[in-house]
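Here are a few exercises to work through with the viewer open. Try each one yourself before reading the solution.

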Amino acid sequence: MSSLLVSNIGELVTNDLSLGDGSPLGLVSDAALVVDGGQVSWVGRRDQAPAADSVIDVERAAVIPGFVDSHSHLVFTGDRAEEFAARMAGRPYSTGGIQSTVAATREAPDEVLTANVSRLVNEMARQGTTTIEVKSGYGLTVADEARSLAIAADFTPETTFLGAHVVPPEYAHDPSAYVDLVTGPMLAAARGHAKWIDVFCERGAFDADQARAVLAAGMAAGLEPRIHANQLVQGPGVTVACEVGAAAADHCTYLSDDDVANLRDAGVVATLLPGVEFSTRSPYPDARRLLEAGVTVALATDCNPGSSYTSSMPLCIALAVREMRMTPAEALWGATAGGATALRRDDIGHLGIGARADFAVLAAPSYVHLAYRPGVPLVGTVHRAGRRID
Ligand SMILES: [Zn+2]
């Protein structure tokens, strides 16, 4: 494979403490980057760059690591625009709307579900996302969860079995029988297509003991745990996440002081999903409280047709900065290295030597513009493993 020199970078974000200015973003100005074999092989000042087989001149633009969107629900069909409009007219969000997407998804042929994932993955790529996590959870039968994961696995290795999203209507009279289905036959059908096990531990979904049962069964089957926790109330999800050593607890909107301390002590990433609070007109999580306690904070879209139908990591960065008082640097780190940490990946989310060459060239001189110019399409070209994908 031939080498590629990306030159004339005005500001390069590496997220590598050993490179650049010593800040967490590892900023290098007047920079260049060499890609060889799909990986970063050299980073430094452009006047010291080695020769390569081909050269891209980015004309003083900023270059950032590709976004790592560690939380999405892309395998579905239909939309819930009317529910959104009703919510904006004053109806509160609840977990019940998920059922309408479940009904539509069960009816859809494979090709329709695949086309929907493809459409959203391409939309994400154009906005700078080079790694995505995709959950099942709109099938909620053995066959529909297995096919949802098989479809997701065609697009990403970061697939998550979320049979425990909500209890489907046919089990409303006997939720514990549904948990038995999820932890038994459904898990057996899903495990070959999934890396992660997840559960929606929330009022209206699954309680702490049910969440423990789901995660324990998944872990026994070789899956790694993550969890939807503390979105709507100060519930037990974070406690369960820390007990089992989950990679991440996602949402974290309502936390006790013990929750914050436990996240830090257990090394569980708090993944904040500000598109949800924006789209449900709800209070945002307290990002500063988490950061000041020393918790690792990631940002993700939670792209789904109900509570956050955005595929845009730049929007999440802008919301995190404006609404959650993260600095532009903290927000970019959370959307790249933070997401990688939440997926237990060290080959992505940064542009240090040996990293996969996933990067976006911005139509801006600095990464700060991602928050400073909200809603503006600032992502130019996007590369994954050195190859252009947008
Ligand atoms: Zn979610």
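**Exercise 1.** Is R281 buried or exposed? Then look at its backbone, and do the same for D30.

*Solution.* Keep in mind that this is a predicted model. Start by counting: R281 has 11 other C-beta atoms within 10 Å. The cut-off for exposed is 12 or fewer, so R281 is exposed. Next, find where it sits: R281 belongs to the loop between α9 (274-280) and α10 (287-293). Now the backbone: R281 has a positive phi of about 50 degrees, although it isn't a glycine. That's worth flagging, since most residues other than glycine have a negative phi.

Over to D30, which also isn't a glycine and has a positive phi of about 50 degrees. D30 is placed in strand β2 (residues 27-36). With 16 C-beta neighbours inside 10 Å, D30 counts as partly exposed.

**Exercise 2.** Check the overall dimensions of the chain: what radius of gyration would a compact globule with 390 residues have, and what does the chain have?

*Solution.* First, the expectation: for 390 residues, a compact globule would come out near 21 Å. Second, the value for the model: the chain has 21 Å, which agrees. Third, the extents: the C-alpha trace spans about 70 × 45 × 45 Å along its principal axes. Fourth, burial: 56% of the 390 residues are buried. Last, contact range: of the contacts with a separation of 6 or more, 69% are between residues 24 or more positions apart. For the secondary structure tally, put down 13 helices and 17 strands.

**Exercise 3.** How many residues does each domain bring to the contact between domain 1 and domain 2? Work out what the domain 1 side is made of.

*Solution.* Begin with the bounds: domain 1 covers 4-66 + 350-388, and domain 2 covers 67-342. Their C-alpha centres lie 30 Å apart. The contact takes 20 residues from domain 1 and 20 residues from domain 2. On the domain 1 side, the elements giving two or more residues are β5 (62-65), α13 (369-372) and β16 (379-384). Of these, β16 gives the most, with 3 residues. Sort that side of domain 1 by residue type and you get 14 nonpolar, 4 polar and 2 charged.

**Exercise 4.** Which residues have the most contacts inside the largest nonpolar core? Follow the packing outwards from one of them.

*Solution.* The core has 133 residues, and L33, V63, A249, I317 and A320 have the most contacts inside it. By element, helix α11 (residues 313-324) gives the most to this core, with 8 residues. Both domain 1 (4-66 + 350-388) and domain 2 (67-342) give residues to the core, so it lies between them.

Pick L33 as the starting point. Leaving out residues up to four places away in sequence, L33 touches V6, I9, L12, V40, V43, V63 and L351. Step across to L12, which is found in strand β1 (residues 4-13). L12 has 30 C-beta neighbours inside 10 Å, so it counts as buried. With the same sequence exclusion, L12 touches L27, V28, A31, L33 and V63. For a distance check, the C-alpha atoms of L12 and A32 are separated by 7.9 Å, while the two residues are 20 apart along the chain.

**Exercise 5.** How many of the 12 residues of α4 are buried? Treat α3 the same way.

*Solution.* Check the geometry of α4 (residues 142-153) first: at 1.5 Å a residue it should span 16 Å, and its end C-alpha atoms are 17 Å apart, which agrees. Then count: 9 of the 12 are buried, so α4 is largely enclosed by the rest of the structure. The buried ones are D144, E145, A146, R147, S148, L149, A150, I151 and A152. Their cover includes α2 (98-107), α3 (110-126), β7 (129-135), β8 (158-164) and α5 (175-190).

For α3, the 17 residues reach 24 Å from first C-alpha to last, close to the 24 Å expected. Its buried residues are L113, N116, V117, L120, V121, M124 and A125. Look at the spacing in that list with this in mind: an α-helix has 3.6 residues a turn, so residues three or four places apart point the same way. Covering the buried residues of α3 are, among others, β6 (67-69), α2, β7, α4 and β16. Just after α3, G128 takes a positive phi of about 100 degrees.

How values were computed:
Residues numbered from 1 in each chain as written. Predicted model: local features only at pLDDT ≥ 70, side-chain atom pairs only at ≥ 80, totals over all residues. Helix = DSSP H or I, 4+ residues; strand = E, 2+ residues; numbered from the N terminus. Expected span 1.5 Å × (residues − 1). Buried ≥ 20, exposed ≤ 12 C-beta atoms within 10 Å, placed from the backbone. Contact = placed C-beta atoms within 7 Å. Rg over C-alpha atoms; globule rule 2.2 N^0.38 Å. Domains from an automatic or database assignment. Nonpolar A, V, L, I, M, F, W, Y, C, P; charged D, E, K, R; others polar. Core = buried A, V, L, I, M, F, W, Y, C linked by C-beta atoms within 7 Å.
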